[in-house]
Amino acid sequence: MTTLVAIILAAGKGTRMGSDLPKVLHRMGDDPLVAFPIRAARALHAEQIVVVVGYQEALVREQVRAAFPELGDSLRFATQTEQLGTGHATMSALPQVDAEQGLALVLSGDVPLLLPQTLVRLRTACEESTAGLAMTSFVPDDPFGYGRVLRDDAGRAVGIREQRDASPQQQAITECNAGTYAARIEHLRADLPRVGRNNAQGEIYLTDLVALGAQRGDVACLQIDPVEAAGVNTPEQLAELEAIWRERGSAG
């Protein structure tokens, strides 16, 4: 069985939440937001879970440990010392990943409704991908602000262009990046150092892995329900997602 690890990106503050509390510690039901992707990864029997922390890292570590005391040494933390983007956050996690080969799920700590069965499909898609990479996409009601999925004439996913860097033609694309990935660990180690910061934010984008992967083979692209892709950026969004979660029977 292929080694499976999960990297949870949870280093940000979440300024739009209007609180000094780290965004991933805002609660949905009785649990902090970050507990939801951790629980989804556990459902797939991830051998290691690495949580990337930054803002108020001691508090995040404490609350995550308290939520999952049974995980012991399989739960680890990596500090993102500077907020230099999702690619940089993922790079920060890799020294905590013991395996040199296998698969890594890269999940966002503020996306609570992603279902374990979707992650199973994503893992399978990565295993079957000649690029060793699988991504998720969705079609929102309003694509503004999201990275657009770029496809070639054959329909292959060949890149993701963030809103700020997209041309008007690219901004007209309705298929958007959902921000969840499965990747071969060895490719993450090799490719992330190659990702530059030549973009409007001056950050290391995890999304640039798609263009690198497309040079190697076919990147799998799994389109998911917009609800599963939804992240929490404001108290209003948290309330909306909690209402959906409760309608589902507080499962997932």
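## Surroundings of His26

Two residues are in contact here when heavy atoms of each lie within 4.5 Å. In this predicted model, His26 is in contact with Met17, Ser19, Leu21, Asp31, Pro32, Leu33 and Leu238, leaving aside its neighbours within four places in sequence. His26 is found in the loop between strand S1 and strand S2, the latter formed by residues 27-28. The relative accessible area of His26 is 13%, and the residue counts as buried because this value falls under the 20% limit.

## Strand S1 and strand S6

Leu9 belongs to strand S1, which covers residues 4-9. With a relative accessibility of 15%, Leu9 is buried. Apart from neighbours within four places in sequence, the contacts of Leu9 are Val52, Thr86, Ala89, Thr90, Val106, Leu107, Ser108 and Gly109. Between Leu9 and Val24 there are 9.4 Å from C-alpha to C-alpha, at a separation of 15 residues in sequence.

Ser108, one of the contacts of Leu9, is located in strand S6. Ser108 has a relative accessible area of 19% and is therefore buried, the limit being under 20%. Beyond its neighbours within four places in sequence, Ser108 is in contact with Leu9, Pro37 and Gly179.

## Nonpolar cores

In soluble globular proteins, nonpolar side chains tend to be buried together. The largest nonpolar core in this model has 39 residues, and the members that touch the most others are Ile38, Ile49, Val51, Val64 and Leu105. For Leu105, the contacts outside the four nearest places in sequence are Leu4, Val5, Ala6, Ile7, Leu44, Leu119, Leu122, Tyr181 and Ala182. A second core, separate from this one, has 33 residues, and Ala131, Leu209, Val210 and Leu212 are among them.

## The largest cavity

The whole structure contains 2 cavities of 30 Å³ or more. The largest cavity holds about 50 Å³ of space. Its lining consists of Phe36, Pro37, Ala40, Leu107, Ser108, Val111, Pro112, Leu114 and Thr180. By residue type, this lining comprises 7 nonpolar and 2 polar residues, with no charged ones.

At least two lining residues come from each of helix H1 (35-43) and strand S6 (103-108). The largest share, 3 residues, is supplied by H1. Ser108 thus appears in the lining of this cavity as well as among the contacts of Leu9.

## The second largest cavity

The second largest cavity has a volume of about 40 Å³. Gly132, Leu133, Ala183, Arg184, His187, Leu188, Asp191, Leu209 and Arg216 form the lining. Two or more of these residues are given by each of strand S10 (176-184), helix H6 (185-191) and helix H7 (209-216). Helix H6 contributes the most, with 3 residues.

The lining of the second largest cavity divides into 4 nonpolar, 2 polar and 3 charged residues. Leu209, which lines this cavity, is also a member of the second nonpolar core.

## Strands S7 and S11

Strand S7 (residues 133-138) and strand S11 run parallel and are joined by 4 bridges. Ala134 has Ala220 as its bridge partner in S11.

In a regular strand the side chains alternate between the two faces of the sheet. Strand S11 (residues 220-223) follows such an alternation: the side chains of Ala220 and Leu222 point to one face, and these residues are buried. Cys221 and Gln223 point to the other face and are not buried. Ala220 is therefore a buried residue, under 20% relative accessible area, as well as the bridge partner of Ala134.

## Loop residues with positive phi

His45 has a phi near 60 degrees, a positive value in a residue other than glycine. The residue lies in the loop between helix H1 and strand S4 (48-53). His45 is exposed because its relative accessibility of 66% is over the 50% limit.

Gln56, likewise not a glycine, has a positive phi of about 45 degrees. Its place is the loop between strand S4 and helix H2 (57-67). With a relative accessible area of 33%, Gln56 lies between the 20% and 50% limits and so counts as partly exposed.

Terms used
Residues numbered from 1 in each chain as written. Predicted model: local features only at pLDDT ≥ 70, side-chain atom pairs only at ≥ 80, totals over all residues. Heavy atoms only, no water. Buried < 20%, exposed > 50% of the residue type's maximum accessible area, 1.4 Å probe, protein only. Pairing = 2+ DSSP bridges. 1 Å grid on protein atoms, 1.4 Å probe; cavity = no way out; pocket = protein on both sides within 12 Å on 5 of 7 lines; lining within 4 Å. Points joined across faces, edges and corners; volume = space filled by probe spheres on them. Nonpolar A, V, L, I, M, F, W, Y, C, P; charged D, E, K, R; others polar. Core = buried A, V, L, I, M, F, W, Y, C linked by side-chain atoms within 4.5 Å.
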